Amino acid sequence: MPELVITVARFGFLILLWIFVFTVVGVIRRDLFAGARSGRLVAAPRAVGASTQQQAAKPAKVKRGRAAHQLVVTAGQLAGTRITLGEAQITIGRAEDSTLVITDDYASARHARLVPRDGQWFVEDLGSTNGTYLDRAKVTGPTPVPLGVPIRIGRTSLELRP
Amino acid sequence: MTAAAHPVVSPVTTGERPGVRLARSRRNAELSLLVLAMVLVAAYGAIVEANLLDTVTRDFWMPAAALGLVFLGMHLVIRWLAPFADPALLPAVALLNGIGVGFLRRLDLGKAAPADRETLAIFAGTGGRQLAWTLAAVVLAAGLLVLMRDHRAVSRYAYTLGLAGIVLVMIPAVLPGRFSEINGAKLWIRVGGFSIQPGEFAKLALLVFFAYYLVRKREVLSLASRRILGIDFPRGRDLGPVLGVWMISLLVLVFEKDLGTSLLYFGMFVVTLYIATERVSWLLIGLVLFFGGAYLAYVLGGTVGGPFANFYTRAEIWLDPFAEPYDRGYQLVQGLLGLGSGGLFGSGPGAGEPLEIPEVQNDFIFAGIGEEIGLFGLTALLVVYLLIVERGLRAGLAVRDSFGKLVAGGLAFTLGLQVFVIVGGISKLIPLTGQTTPFLSAGGSSLMANWLLIAVLLRISDAARRPVAQGGGPAGRPGGGPPEQLHGAPTEVIRP
């Protein structure tokens with residue numbers, strides 16, 4: 001084998017190796033940017049969440065006549081708390097970065113979340129220890145939440161209001 | 001009741017957010033990356049033959065084709081069973097595995113008499129055995145994907161796996177030396193001409209147990225804690241089982257003189273604890289304990305000897321390998337010389353002298369490969385490892401259930417730590433501890449265990465990226481289904 005061919009092959013191999021690495025990075029990159037466009041993985045902190053909710057409240061109002069506009073805590077330590085609903089999801093739990101931080105001994109750090117979809121709110125349990133209940137039924141998957149039906153988390157009850 | 005008025009649409013709750021186009025499975029990207037990886041493996045084989053035989057035989061592509069066929073099978077299984085799994089994992093692992101097989105075959109060619117080189121069968125020698133092991137390992141990984149349709153189902157067998165893990169770790173320690181000892185380390189089960197290294201599999205089993213237990217007790221661990229010196233320590237009875245398992249495996253490993261694996265278990269344990277509790281204090285405690293323990297072992301080894309003498313010797317070699325370059329430091333010195341003579345671009349595959357390094361097919365494979373592909377190529381391989389670990393952690397971040405998070409995070413970290421420990425060891429960054437290089441080193445146990453690890457990561461990343469609207473995804477039944485009743489729900493009362 002001529003020396004030249006081997007040298008070319010040797011460096012060609014290294015270049016191909018790096019091409020492979022960068023192709024893999026390229027494939028991964030699309031995933032990363034898909035995540036970045038859509039916002040954050042974790043729920044926004046309370047302060048940030050509140051401002052985005054106010055901005056987003058208007059389009060929701062236009063869409064539905066009797067859509068839910070408020071989340072009200074009806075029982076538990078936070079009873080009386082109201083959260084204005086926007087387009088952003090609401091996370092509920094003891095974790096500091098939850099949208100609604102509840103201090104309930106029976107709640108998990110990330111307990112449940114409320115997700116809007118086409119004007120309808122869905123409640124989803126986030127693998128909590130003690131479960132989330134919609135009225136008397138345990139929430140096992142994303143479940144639509146009608147107005148006025150209590151979501152129970154530990155000793156806390158929440159309701160959607162128009 | 002407004003619910004009835006609207007059509008019930010399941011929200012797209014991917015690990016990211018609604019509206020994200022993650023629904024694409026990216027399987028075609030995986031296939032093309034796989035083809036690229038196999039082209040690289042074939043090119044490696046061709047250059048090796050050009051350098052060693054001075055000609056390229058007509059069959060140079062055979063090992064790459066055999067590997068490619070197996071990986072293609074794995075790709076089809078993923079297409080069928082885990083269509084949303086991460087597209088980067090399989091090609092990255094395939095490349096490392098292929099380069100490993102190619103390098104081992106290169107060693108066989110180097111050892112063979114020049115006359116026999118051209119006719120070396122593809123299943124002959126260490127490289128051929130590694131090729132056969134790869135086939136077995138990939139079949140095993142595919143089998144795991146078939147059996148484990150939902151990673152959360154594994155948590156049902158968590159205690160069984162924990163027990164199995166301890167037993168696996170203990171067997172070689174209990175067995176008499178002639179059944180378990182190779183090169184002074186008792187970590188094998190040898191039956192006939194066949195030897196397996198149960199510690200590699202125990203790693204997986206123990207991690208599943210840690211993850212399950214920590215998920216169950218996470219609330220209690222972070223709620224009921226005692227504050228000492230500004231750091232929250234969980235109560236002993238909550239942490240007991242995990243600590244027990246960890247202590248047993250650690251003691252056994254020290255008894256088996258396998259420091260690398262005990263370091264690996266320690267790191268795995270600390271990091272799972274950190275992921276579960278989200279407390280940085282665990283990392284600090286872990287690091288302090290580790291460095292303190294290592295220094296203590298060094299001092300004890302220097303003065304008392306006994307079980308710590310081994311560690312002391314290794315630390316001495318690490319501090320000055322050139323003190324006894326033909327004796328204790330021989331292996332490390334040869335490895336360093338190999339890396340050094342490789343330089344930036346290496347001597348070219350097949351043109352180096354990797355056979356000068358003892359155990360080059362095993363612990364020192366990275367030094368052997370490094371001599372021939374240089375810093376440039378070695379960095380590429382390290383980046384491939386980094387990408388695998390990153391994808392694993394990413395799957396852990398994106399998956400919705402805590403058990404999956406812990407398992408994926410723990411497995412990815414363990415893989416990364418293992419690479420760090422062995423590459424750090426051969427490049428004299430840290431004292432050398434015997435460890436296999438995942439997917440590269442010769443050896444069936446390591447290969448199988450690491451492929452199983454990849455199968456678990458694939459399964460979890462599939463769960464993480466699968467849109468719920470697809471149905472049957474591990475995020476739960478879409479839109480409800482018959483809800484469970486209150487009286488059937490589990491409760492756990494926390495008493496401080």
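The following paragraphs describe the two strand sheets of chain A and one annotated span. This is a predicted model, in which local features need pLDDT of at least 70, side-chain atom pairs count only at pLDDT 80 or more, and totals for chains, interfaces and linings use all residues. Residues are numbered from 1 along each chain as its sequence is written, while chains are lettered from A and ligands numbered from 1 in the order in which they are written.

One open sheet of chain A has six strands (DSSP runs of E, at least two residues, numbered from the N terminus), in the order β2-β1-β11-β10-β7-β8, with antiparallel pairing. Two strands count as paired if DSSP finds at least two bridges between them. Because β2 (82–84) and β8 (137–138) of chain A each have a single partner strand, they stand at the edges, and one side of each is left without a neighbour in the sheet. Strand β1 (residues 70–75) of chain A runs antiparallel to β2(A), and three bridges join them. Within this pair, L71(A) has I83(A) of β2(A) as its bridge partner.

A five-strand open sheet in chain A follows the order β4-β3-β5-β6-β9, and its pairing is mixed. Its edge strands are β4 (100–101) and β9 (143–144) of chain A, each pairing on one side only. Two bridges link β6 (residues 120–125) of chain A to β9(A) in the antiparallel sense. Here F122(A) is matched with P144(A) of β9(A) as bridge partner.

An unreviewed UniProt entry lists residues 90–139 of chain A as "domain: FHA"; such annotations may be inferred rather than shown by experiment, feature names are shortened, and UniProt positions are given in the numbering used here. Residues 90–139 of chain A are 0% helix (H or I, at least four residues) and 44% strand, and the end C-alpha atoms of the span lie 16 Å apart.
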